[in-house]
Amino acid sequence: MLKIQNLHAQIEEKPILNGISLTVNAGEVHAIMGPNGSGKSTLAATLAGREEYTVTQGSVEYMGKNLLEMTPEERAREGVFLAFQYPVEIPGVSTINFMKTALNQIRVHRGEAPLDAVAFLKLMKEKMKLVEIDQSLLNRSLNEGFSGGEKKRNEIFQMAMLEPRLSILDETDSGLDIDALRIVAHGVNALRSKNNATIVVTHYQRLLDYIVPDFVHVLYKGRIVKSGTRELALELEEKGYDWIKADLATAR
Amino acid sequence: MAKDDHIIQEFTSREYEHGWVSDLEADAAPKGLSEDIVRFISRRKSEPEWLLEWRLKAYRHWTTMVEPKWPNVTYPAINYQDIIYYSAPKQKASPTSLDEIDPELLKTFEKLGISLTEQKRLSGIAVDAVLDSVSVATTFKEKLGELGIIFCSFSEAVREHPDLIKKYLGSVVPATDNYFAALNSAVFSDGSFCYIPAGVRCPMELSTYFRINAAKTGQFERTLIVADEGSYVSYLEGCTAPMRDENQLHAAVVEIYAMKNAEVKYSTVQNWYPGNKDGVGGIYNFVTKRGLCAGDHAKISWTQVETGSAITWKYPSCVLKGDYSVGEFYSVAVTNNYQQADTGTKMIHLGKNTKSRIVSKGISAGKSQNSYRGQVHVHKRAVQSRNFSQCDSLLLGDQCGAHTFPYIDVENSSSRVEHEATTSKIGEDQIFYCQQRGIDEESAVALIVNGYAKEVLNQLPMEFAVEAQKLLALTLEGSVG
């Protein structure tokens with residue numbers, strides 16, 4: 001589904017990603033871990049097409065197409081979803097209105113007819129249950145005055161609505177208490193299928209207790225320095241990132 | 001950011017969609033302004049002597065006045081002798097049915113989406129169509145007449161209802177009120193008149209549609225709305241003009257007189273030609289709008305969506321004379337390219353327990369300048385009065401300006417006045433968030449701007465709100481910052 005090869009990216013002349021290679025197949029869940037400043041969020045943003053990040057080298061192939069040539073909205077319409085670490089507020093625009101606009105643009109892109117109000121509402125009610133989100137929240141201005149947990153649940157609600165092929169969760173666990181974490185993880189797990197894939201970007205192992213990854217990669221200084229299975233995450237939790245850093249230092 | 005500039009350019013290169021000209025034969029006054037021109041207009045309209053005198057008095061006063069310089073707008077001096085003050089499409093003196101109206105004229109309004117054929121109209125809106133200096137047609141007159149509602153062109157009102165005109169003309173905006181109001185009083189050629197009898201709730205939206213067609217011509221129309229005790233009316237006003245390189249002057253006056261327990265809701269969607277993207281041409285929209293809550297518990301509510309005009313200079317105001325009377329002002333003013341707007345309101349509290357509410361949303365893009373100017377005056381006698389003002393500015397790009405000039409003075413200690421103001425930018429973050437959900441940039445801006453203006457747009461009647469939303473999106477298409 002996704003094939004990243006030797007990806008280099010920078011922001012304002014400052015290199016952040018220094019040659020990332022990663023292949024994600026349908027049905028897989030990959031966790032990207034790493035200390036602060038290692039480039040985790042940059043990777044997520046670059047895949048989503050954030051303008052500030054310039055790709056200087058490498059390629060990204062998504063569903064057989066060159067992802068880097070696509071605009072952010074094209075990527076989204078082709079099924080790339082980013083759950084934001086800091087979802088923005090849009091005053092005066094309800095989540096419902098926002099989702100209706102988004103879903104219908106995606107549907108038109110796919111050559112499908114826009115959903116009418118009744119069908120949309122039906123779909124919405126169904127997806128609301130998944131993340132235990134209340135309709136009153138969805139009637140409010142998008143993310144305005146939402147608690148941290150509400151924002152993250154709203155992100156997963158949107159993910160459920162848009163049914164992406166490739167979901168990238170950027171630090172979705174940050175700022176969540178254990179109950180909220182459980183709800184969010186439940187939503188993500190319910191959406192897992194053999195046809196879609198998930199990249200979970202996280203600093204802590206905790207989230208991976210709930211969303212169990214098939215592969216774990218450790219990002220450090222803009223490169224994947226270690227890959228493994230779930231055990232790698234547990235090892236990291238026990239030994240800390242210094243272990244990786246020290247390991248790398250001796251290797252050199 | 002380079003990308004933003006690109007988007008801004010894309011947006012700003014949008015063409016004005018009502019910029020075409022109709023080929024209509026016109027009966028026009030010679031260029032320039034003098035007592036003779038005032039007499040010419042009055043004669044063309046076969047006006048009574050008192051009205052001519054009223055005009056001349058206004059004209060003479062105007063000659064002693066100077067153009068106001070305090071608005072936060074700049075433009076080359078207007079040559080008042082280079083303007084045609086009267087232009088009417090040639091047609092039968094007073095058409096009694098639509099069959100007698102020049103088909104080209106009907107087509108002009110059809111093209112604007114204003115059908116003057118009643119059967120074709122959406123029921124629920126009666127229209128007075130004004131082209132250049134004269135009213136072309138008024139629809140649903142008879143149906144309204146059954147309720148005692150008078151809705152007709154100003155000229156017809158002068159002929160048919162002289163007592164009402166004599167009593168209320170200039171009662172809210174005196175002929176000598178200000179430079180442009182005095183000019184209007186001297187040369188106004190037509191407009192709409194509306195009278196709602198006591199206790200009548202007008203069953204449909206009344207609306208005036210203004211269209212400037214002729215070149216080198218100023219439009220000076222006058223609207224007078226009188227709401228008798230306990231009546232209610234909702235009034236809509238729309239306007240467009242062809243694209244021309246010259247600037248054309250539009251100096252209108254709107255007067256609203258609301259008696260005891262009456263309520264008037266006045267909504268405007270202003271879409272005059274704004275000039276091209278380099279700031280050439282466009283309408284100078286210098287308008288005086290004022291409502292008087294003459295009786296107790298009267299209510300006047302202004303809602304405006306200002307998207308057009310090269311320069312907008314207007315302050316729809318409320319004089320709250322009756323005790324417990326209420327004034328409201330809801331405004332969205334959008335400026336793009338080189339447009340300039342200096343707009344706001346005046347709330348003059350004279351009666352006891354009067355209340356006013358101001359919600360102003362400015363949106364600036366391109367190289368435009370957008371100012372909110374508002375006065376809240378609470379008189380000594382106006383005890384226990386309340387005002388709440390909310391003035392927000394939204395900036396798209398970094399080459400435009402937003403300014404706020406609030407004037408507040410309260411002469412008693414039992415009243416309360418609140419003023420809140422914010423300035424924000426459409427963030428790249430917001431745009432990217434929308435894009436990441438599959439929404440393209442233009443739709444994203446439209447979504448964000450409509451969300452921002454929602455509180456005001458919600459005040460508009462349904463049919464208008466949809467149009468206003470589209471217009472906002474169109475005006476701003478491309479201007480992301």
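Me: What is the volume of the second largest cavity?

Reply: In this predicted model, local features need pLDDT of at least 70, side-chain atom pairs count only at pLDDT 80 or more, and totals for chains, interfaces and linings use all residues. Residues are numbered from 1 along each chain as its sequence is written, chains are lettered from A and ligands numbered from 1 in the order written, and side-chain values use heavy atoms, leaving out hydrogens and water. The structure holds six cavities of 30 Å³ or more (points on a 1 Å grid over the protein atoms alone where a 1.4 Å probe fits but cannot get out). For the second largest, the volume, the space filled by probe spheres set on the points, is about 110 Å³.

Me: Which strand gives the largest share of the lining of the second largest cavity?

Reply: This cavity is lined by 17 residues (an atom within 4 Å of a point), and B:Ser360, B:Gly362, B:Asn370, B:Ser371 and B:Tyr372 lie nearest its centre. Strands (DSSP E runs of at least two residues) β17, β19, β20, β21 and β22 of chain B each supply at least two lining residues. The largest share, five residues, comes from β19(B).

Me: Which strands are the edges of the six-stranded open sheet in chain A?

Reply: The order is β6-β9-β10-β3-β11-β12, with mixed pairing (at least two DSSP bridges between two strands). At one end, β6(A) pairs with β9(A) in the parallel sense over four bridges, and A:Phe81 stands opposite A:Ser167 in β9(A). The strands that pair on one side only are β6 (80-83) and β12 (223-228) of chain A.

Definitions and conventions:
On a 1 Å grid over the protein atoms alone, a cavity is a set of points where a 1.4 Å probe fits but cannot get out, and a pocket is an open set with protein on both sides within 12 Å along at least five of seven lines; lining residues have an atom within 4 Å of a point.
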